[in-house]
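Let's take a friendly walk through a protein model together. Have your viewer ready, and feel free to rotate as we go.

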Amino acid sequence: MKPLKNNVQSLPRVQLTAASHKPFQNIMKKVKPNGGKLLSKKDQPEIFFILTADLPPEELSKLLQAKKGVTVNLTDNLLKRLLKLEKDYHYLRALSLTDELTGLYNKRFFNKQLKIEITRTRRTGQPFCLMFIDLDNFKSVNDTLGHTKGDEFLVNLCRLFCQKIRPTDFACRYGGDEFIIIMPATYLVDGISIAQRWHDLIKQVASQMELDVSSSIGIDEFDISCTLKAEEFLDKVDKELYKAKNNGKNKVSYPGGSLHAHEAEEKFVTPAEKDALYKGSATIKQKRKQLSTKG
Amino acid sequence: MNTKSKPFIVSVTSGKGGVGKTFITTNLAATLVRQGKKVLVADCDLGLANIDIMLGINPQLNLKDVVFGNLHLRDVIIPTEGGFDLIPASSGVREMAQLLFEKIQIIKDMLLEIEGYDLILLDTGAGIAEVVLQFNLLASQNIVVINKELTSLTDAYAMVKVMYQVFGRQSFSIIANNIPNEKDGLNIYKNIDTISRRFLGFPLNYLGHVLQDDAVAKSMLKQEIAVMRFPRSRIAANFSQIGRTVLDLRKS
Ligand SMILES: Nc1ncnc2c1ncn2[C@@H]1O[C@H](COP(=O)(O)OP(=O)(O)O)[C@@H](O)[C@H]1O
Ligand SMILES: [Mg+2]
């Protein structure tokens with residue numbers, strides 16, 4: 001699923017009436033020669049509202065040119081309409097599921113989705129993977145080259161996330177330079193290879209921008225036998241990330257360090273693969289039997 | 001003998017313990033020596049290092065002194081009766097099995113620095129542990145040992161899958177060990193090869209088989225190398241065949 005389009009962002013903000021606002025009138029004069037009053041087909045005066053807080057004039061001008069506002073016919077019940085708009089606006093903001101800067105899902109969305117995925121795994125038996133990405137060295141970019149450069153990097157990175165992510169995965173911005181990817185119906189081994197790809201991709205974006213940024217990634221699988229709660233599982237993945245950070249950064253860490261043989265088989269071999277191996281083995285046994293009864 | 005160029009590093013791995021990795025490593029090493037090569041064996045099974053025990057030797061120094069002391073791998077190399085040299089490891093030290101990533105890197109770097117051998121064989125531990133994966137990654141060839149047990153097959157497949165999906169490795173050689181007859185070996189190989197082709201998209205290479213043989217247990221008891229004690233046995237012939245195939249791999 002692609003991150004939500006930033007509906008909330010493009011929603012107009014707080015209302016200002018055109019008439020009383022001086023800078024607004026000036027701008028309107030530039031944009032529309034008749035000074036803020038737009039004429040409808042029926043020659044009815046309409047007022048163009050920009051719903052905004054204290055925006056600087058340049059910003060206001062941009063919004064106007066993009067026609068990001070509402071046109072209200074004076075015969076409408078203005079007050080009612082504005083009140084409703086404002087209510088919608090606050091409601092939507094509260095429901096906002098995306099991160100302002102990057103357009104990825106935000107923490108609120110993540111917390112909800114994680115619980116959904118756990119329930120899904122318990123019901124379907126299919127495991128999912130959680131990947132915790134933390135950028136290495138990002139703070140020093142912000143410190144030395146400024147936040148604009150840092151933000152630019154994040155935006156570029158997230159654009160790539162949106163392009164490359166599997167349609168069923170969720171990319172969330174968890175904190176400043178922390179990202180989480182939820183991968184439903186994914187076995188650990190596949191998750192690891194995807195994590196490796198993200199790791200390389202981040203490196204690529206950084207080198208394109210000539211930044212010395214890499215990533216540490218922790219990943220783990222939630223399978224049907226797992227009894228952890230959402231926060232506990234998140235904690236577990238966080239520990240994996242910590243391992244990556246502690247082992248010299250710039251790497252993917254997964255719970256493989258102490259896997260025993262049978263655990264490995266359970267973790268990495270999918271039922272379909274196991275089934276195929278078993279079938280192959282059964283026919284070998286049959287052949288062996290035939291051979292021994294013949295001979 | 002060509003000792004000027006870099007040694008050809010081969011790991012012997014399996015996923016499951018007890019399938020005969022150590023047995024294959026020592027006997028293959030002795031066979032390659034007979035075929036005129038200079039061979040170094042490194043005991044990389046940090047959980048259950050036992051080449052020294054299998055060979056009945058009691059080395060003064062081992063891998064532990066490299067990891068926790070300040071020796072180079074070169075300093076702990078000792079000759080063996082099989083004609084190959086050995087880097088012994090120490091068993092039973094918990095910290096060894098869970099070596100820090102940095103320590104593994106140090107050992108890997110040292111292994112790459114070693115010269116004067118045609119081949120280096122790495123005997124790895126069981127399981128899909130980070131250490132095992134790292135040694136497999138270091139080796140240019142991974143020999144995956146399987147036997148007729150189903151669990152050895154699924155574990156070997158898991159190993160191949162992880163090496164492929166995590167590191168992009170696509171070249172593995174299979175040895176079917178401890179099998180009643182040649183045909184069985186081929187069938188077991190074909191089984192895992194089919195699954196690899198179907199699910200991973202690449203074929204596996206077949207190095208050959210080593211038959212089940214009482215000679216193995218007999219020589220183990222005496223802490224001797226089977227192919228040396230029983231040079232005319234069927235398994236000695238099996239190893240000769242495998243040795244030649246490994247040398248062909250090295251050329252290509
Ligand atoms: N071809 C064979 N014939 C008979 N016994 C074998 C054969 N290969 C291995 N074994 C037995 O299997 C046991 C385990 O072998 P080992 O090399 O220690 O396994 P690993 O190193 O994989 O744990 C040994 O005790 C050995 O006697
Ligand atoms: Mg062993």
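What follows looks at a strand in chain A, then at a ligand site and a serine in chain B.

## A covered strand in chain A

Please keep in mind that this is a predicted model. Our starting point is strand β8 of chain A, residues 214-222, which is mostly covered: 9 of its 9 residues are buried.

In a regular strand, side chains alternate between the two faces of the sheet. Here, A:S214, A:S216, A:G218, A:D220 and A:F222 point one way from β8(A). A:S215, A:I217, A:I219 and A:E221 point the other way, and the residues of both sets are buried. Acidic A:D220 and A:E221 are thus found among buried residues, on opposite sides of the strand.

## Its neighbours

Which way does strand β5 of chain A run relative to β8(A), parallel or antiparallel? The two are antiparallel, and 9 bridges join β8(A) to β5, which spans residues 128-136. In this pairing, A:I217 of β8(A) has A:I133 opposite.

A second partner is strand β9 of chain A, residues 252-253, joined to β8(A) by 2 bridges and running parallel. A:S253 in β9(A) stands opposite A:G218. Helix α9 of chain A, residues 230-246, completes a β-α-β unit with β8(A) and β9(A), and this unit is left-handed.

## Around ligand 1

Now let's move to chain B. Ligand 1 is surrounded by 16 residues, and the closest are B:G18, B:K21, B:T22, B:F23 and B:N177. For B:K21, a backbone N or O atom lies 2.8 Å from an oxygen atom of the ligand. Two asparagines approach ligand nitrogen atoms with polar side-chain atoms: B:N177 at 2.9 Å and B:N178 at 3.4 Å.

Taken alone, ligand 1 exposes 560 Å², and the protein buries 79% of that. The elements of chain B giving two or more residues to the shell are α1 (21-34), β7 (172-179), β8 (205-211) and α10 (214-221). Of these contributors, α1(B) gives the most, with 3 residues. By residue class, the shell holds 7 nonpolar, 7 polar and 2 charged residues.

## A buried serine in β7 of chain B

One more stop is B:S173, which lies in strand β7 of chain B. Is this serine buried or exposed? B:S173 counts as buried because its relative accessibility is 1%, where the cut-off for buried is under 20%. Its side chain also has a partner: a polar contact of 3.0 Å joins the side chains of B:S173 and B:N205.

Terms used
Residues numbered from 1 in each chain as written. Chains lettered and ligands numbered in written order. Predicted model: local features only at pLDDT ≥ 70, side-chain atom pairs only at ≥ 80, totals over all residues. Heavy atoms only, no water. Buried < 20%, exposed > 50% of the residue type's maximum accessible area, 1.4 Å probe, protein only. Helix = DSSP H or I, 4+ residues; strand = E, 2+ residues; numbered from the N terminus. Pairing = 2+ DSSP bridges. Right-handed = clockwise from strand over helix to strand, strands pointing away. Near = heavy atom within 4 Å. Polar contact = N/O pair within 3.5 Å; in protein donor to acceptor, adjacent residues only side chain to side chain. Areas by Shrake-Rupley, 256 points an atom, 1.4 Å probe, with all protein chains shown as cover. Nonpolar A, V, L, I, M, F, W, Y, C, P; charged D, E, K, R; others polar.
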